[in-house]
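Have a look at this model with us, one helix and one contact at a time. The notes below are meant to be read with the coordinates open beside you.

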Amino acid sequence: MTTPVITNLEKLLGGPRDGALLRYALGNEHLRAGDFAQAAVRLREAVERDAGYSAAWKLLGKALAEGGQGNEALAAYEQGIAVAEARGDIQAAREMSVFARRLRRQLPAAEH
């Protein structure tokens, strides 16, 4: 699903403003629109451009979880927790820890 906001943000791809923040914004908009797969694609691009972007890791975990990819979501949260802790972003680390714990309870024991 494409919204006017997504269309406008996509026009900036490949330009001078293209970077982790733009990819994060696009991922967030796709998540809002319910397109979890495309949200995950854009959020992965955000963390590839800035591996220390803890908010992008958190949203990536959410997009993957919402899209039914529990193991991948858990991995994203775990990576995000490590990144957030290394940067001193304690609040983000705590939030992702809570999300990861909830996700572990939902996944069958054999999967994680």
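## A buried histidine

His 30 has a relative accessible area of 3%, so it counts as buried. Please keep in mind that this is a predicted model. His 30 is part of helix H2, and its neighbours in space, leaving aside residues up to four places away in sequence, are Met 1, Ile 6, Glu 10, Asp 35, Gln 38, Ala 39 and Arg 42.

For contrast, take Val 5, a residue of helix H1, which covers residues 4–10. With a relative accessibility of 40%, Val 5 is classed as partly exposed. Val 5 is separated from Ala 51 by 46 residues in sequence, and their C-alpha atoms are 25 Å apart in space.

## Helix H2 and its surroundings

H2 has 13 residues, which should span 18 Å at 1.5 Å a residue, and its end C-alpha atoms are indeed 18 Å apart. Which residues of H2 are buried? They are Ala 20, Leu 22, Arg 23, Leu 26, Gly 27, Glu 29, His 30 and Leu 31. The elements that cover these buried residues include H1, H3 and H4. Just after H2 comes Gly 34, with a positive phi of about 85°.

A general point helps when reading such lists: an α-helix has 3.6 residues a turn, so residues three or four places apart point the same way.

## H2 against H3

The axes of H2 and H3 are 8 Å apart, and the two helices pack at an angle of about 165°. That angle is over 145 degrees, so H2 is roughly antiparallel to H3. Their crossing is left-handed.

On the H2 side, the contact is made by Ala 20, Arg 23, Tyr 24, Leu 26, Gly 27, His 30 and Leu 31. H3 brings Phe 36, Gln 38, Ala 39, Arg 42, Leu 43, Glu 45, Ala 46 and Arg 49. Sorted by class, the residues of this contact are 8 nonpolar, 3 polar and 4 charged.

## Helix H4 and its cover

H4 runs over residues 54–66 and has 13 residues. From first C-alpha to last it reaches 18 Å, close to the 18 Å expected at 1.5 Å a residue. Buried in H4 are Ser 54, Ala 56, Trp 57, Leu 59, Leu 60, Gly 61, Ala 63 and Leu 64.

What covers the buried residues of H4? The cover includes helix H2 (20–32), helix H3 (36–49), helix H5 (70–87) and helix H6 (90–106). Following H4 is Gly 68, whose phi is positive, near 80°.

## H4 between two helix contacts

Let us start with H2. H2 and H4 have axes 10 Å apart and pack at an angle of about 25°, and they are therefore roughly parallel to each other. The crossing of this pair is left-handed. Tyr 24, Asn 28 and Leu 31 of H2 meet Ala 55, Ala 56, Leu 59, Lys 62 and Ala 63 of H4. By class, the residues in contact are 6 nonpolar, 1 polar and 1 charged.

Now for H6. The axes of H4 and H6 come within 10 Å and cross at roughly 20°, which makes H4 roughly parallel to H6. H4 passes H6 in a left-handed crossing. H4 takes part through Ser 54, Trp 57, Lys 58 and Ala 65, and H6 through Ala 92, Glu 95, Met 96, Phe 99 and Leu 103. This contact of H4 with H6 divides into 6 nonpolar, 1 polar and 2 charged residues.

## Helix H5

H5 has 18 residues, for which the expected span at 1.5 Å a residue is 26 Å; its end C-alpha atoms are 25 Å apart, which agrees. Its buried residues are Gly 70, Ala 73, Leu 74, Ala 76, Tyr 77, Gly 80, Ile 81, Val 83 and Ala 84.

H4 and H6 are among the elements that cover the buried residues of H5. Just after H5, Gly 88 takes a positive phi of about 80°.

Methods. Residues numbered from 1 in each chain as written. Predicted model: local features only at pLDDT ≥ 70, side-chain atom pairs only at ≥ 80, totals over all residues. Heavy atoms only, no water. Helix = DSSP H or I, 4+ residues; strand = E, 2+ residues; numbered from the N terminus. Expected span 1.5 Å × (residues − 1). Buried < 20%, exposed > 50% of the residue type's maximum accessible area, 1.4 Å probe, protein only. Contact = heavy atoms within 4.5 Å. Axes fitted to C-alpha atoms, helices over the stretch in contact; angles between N-to-C directions. Parallel < 35°, antiparallel > 145°, perpendicular 65-115°, else oblique. Left-handed = near helix turned anticlockwise from the far one by under 90°. Nonpolar A, V, L, I, M, F, W, Y, C, P; charged D, E, K, R; others polar.
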